[in-house]
Amino acid sequence: MLKIGFFADGPWAHKSLEKIIENYDFQIMYIVVRYDSVDKVLVEYAKRLGVPLFKHRNVNSCDFIQMIKEFDVDINVSMSFNQILKKEIREIAPLGFINCHAGALPFYRGRNILNWVLINGEKEFGVTVHYVDDGIDTGDIILQQMVEISPDDRYGDLLEKAYIACADTLYKALCQLKQGTAKRIPQNTIHSTGFYCSRRVMGDEYIDWSWDSERIYNFVRGIAIPGPGARTFFKGEEYIIDKVELINDMPCYIDKVGNIVGKSTSGIVVKTGSNAILVTRVLNAYTKEACAMNGFYIGNRFFADKHICPPPEYL
């Protein structure tokens, strides 16, 4: 029997618990949720399993550590938990503290990884189960699996794929740990540095129309709803560019970026830094409702910044 402490949040955790509790060799001893949110699904899981559910401002505090020590778990697991885990809590369980990260470590450490892999035009993303150490996503790797990204995948599609892949990878890693076959692969044996991705914040969602068309295409799908959506301004009002298509054999040429340079039955053609891109769906930035494309005229222009928009009479 492998006794597990589960530190978790969100659909990633729900899918993982579904798989873990099906194996009678695994026993969840307690569930620890994020202090700053309420995960009702995990609350129900705790009731169903008859285990305590903890919420604590600082899981590294002496009182919390003393409390969970009494459960004598074999391993602690983090799945989308949001507190830094210091040495003392990492060493409570004999098998250590492991984390599941939706990134192909040692690359894509850090935050908002599924957004970044799409923005970077990757053809696949990784899911990695690794030991937690003093760094951020730097611990030795136990297991890593790759997931294909299709050319049409958007942020929401990757989330669904990641929920399933994270659950599957964590489950397989726990099986290896239970069987004593788990490996420890230092990340510097894969690459000497790897790289981190920054947390995406408000203001990062605006399209720079001087980017080339492929970069804009990847940016739009990379932060599509349920993300913030790729934003732009038109006649001083903010819009979400929700869906775009690359135009086959579109020649490269110089013109004012952001200009609407054509229309079709599918949408409007907008000048980019390389050639042009077909915009097929525009949303109101506040209501998220689709806008009629006949309101955007050839010669009008999209801007990345409200403050550089000319007065409407010039648009």
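**Rings, sulfurs and strands**

Modeller: In this predicted model, the charged end of R200 sits over the ring of W116, at 4.7 Å from the ring centre.

Biologist: What makes the charged end of R200 count as sitting over the ring of W116?

Modeller: The distance limit is 6 Å to the ring centre, along with a limit of 35 degrees from the ring normal. The 4.7 Å of R200 is within that distance limit. R184 is placed over the ring of Y131 by the same rule, 3.8 Å from its centre.

Biologist: Why is the pair of F7 and Y30 called edge-to-face?

Modeller: Their ring centres are 6.2 Å apart, within the 6.5 Å needed for a pair. The planes meet at 80°, over the 60 required, so the pair is edge-to-face. F7 belongs to strand β1 (residues 2-8) and Y30 to strand β2 (residues 26-33), 23 residues apart, so the pair links distant parts of the chain. Both residues are buried, and ring pairs join them with F54, F64, F71, F81 and F97 in a cluster.

Biologist: What makes Y239 and F296 an aromatic pair?

Modeller: The centre-to-centre distance is 5.7 Å, again within 6.5 Å, and the 80° between the planes makes the pair edge-to-face. Y239 lies in strand β11 (residues 237-246), while F296 lies in the loop between β14 (276-284) and β15 (302-303), 57 residues away. Both are buried. The count of aromatic pairs comes to 20.

Biologist: Why is there no disulfide between C166 and C100?

Modeller: C100 holds the cysteine sulfur closest to that of C166, at 3.9 Å, and the limit is 2.5 Å, so the two are too far apart for a bond. The count of disulfides is zero.

Biologist: Why is C166 called buried?

Modeller: Its relative accessible area is 1%, and buried means under 20%, so C166 qualifies.

Biologist: Why do β3 and β8 stand at the edges of the sheet?

Modeller: The open sheet has seven strands in the order β3-β2-β1-β4-β5-β7-β8, with mixed pairing. β3 (53-55) and β8 (141-148) each have a single partner strand, so one side of each lacks a neighbour in the sheet.

Biologist: How do you know which strand β1 is joined to in parallel, and by how many bridges?

Modeller: Pairing takes at least two bridges, and seven join β1 to β2, so the two strands pair. They run parallel, and G5 stands opposite Y30 in β2. Helix α2 (residues 40-49) lies across β1, β2 and β3, at about 140° to β2.

How values were computed:
Residues are numbered from 1 along each chain as its sequence is written. This is a predicted model: local features need pLDDT of at least 70, side-chain atom pairs count only at pLDDT 80 or more; totals for chains, interfaces and linings use all residues. Side-chain values use heavy atoms; hydrogens and water are left out. Rings of Phe, Tyr and Trp (its six-membered ring) pair if their centres lie within 6.5 Å; planes under 30 degrees apart count as stacked, over 60 as edge-to-face and the rest as tilted. Helices (H or I, at least four residues) and strands (E, at least two) are DSSP runs, numbered from the N terminus. Buried means under 20% relative accessible area, exposed over 50%, partly exposed in between (1.4 Å probe, protein chains only). Contact means heavy atoms within 4.5 Å. Axes are lines fitted to C-alpha atoms, for helices over the stretch in contact, and angles run from 0 to 180 degrees between N-to-C directions.
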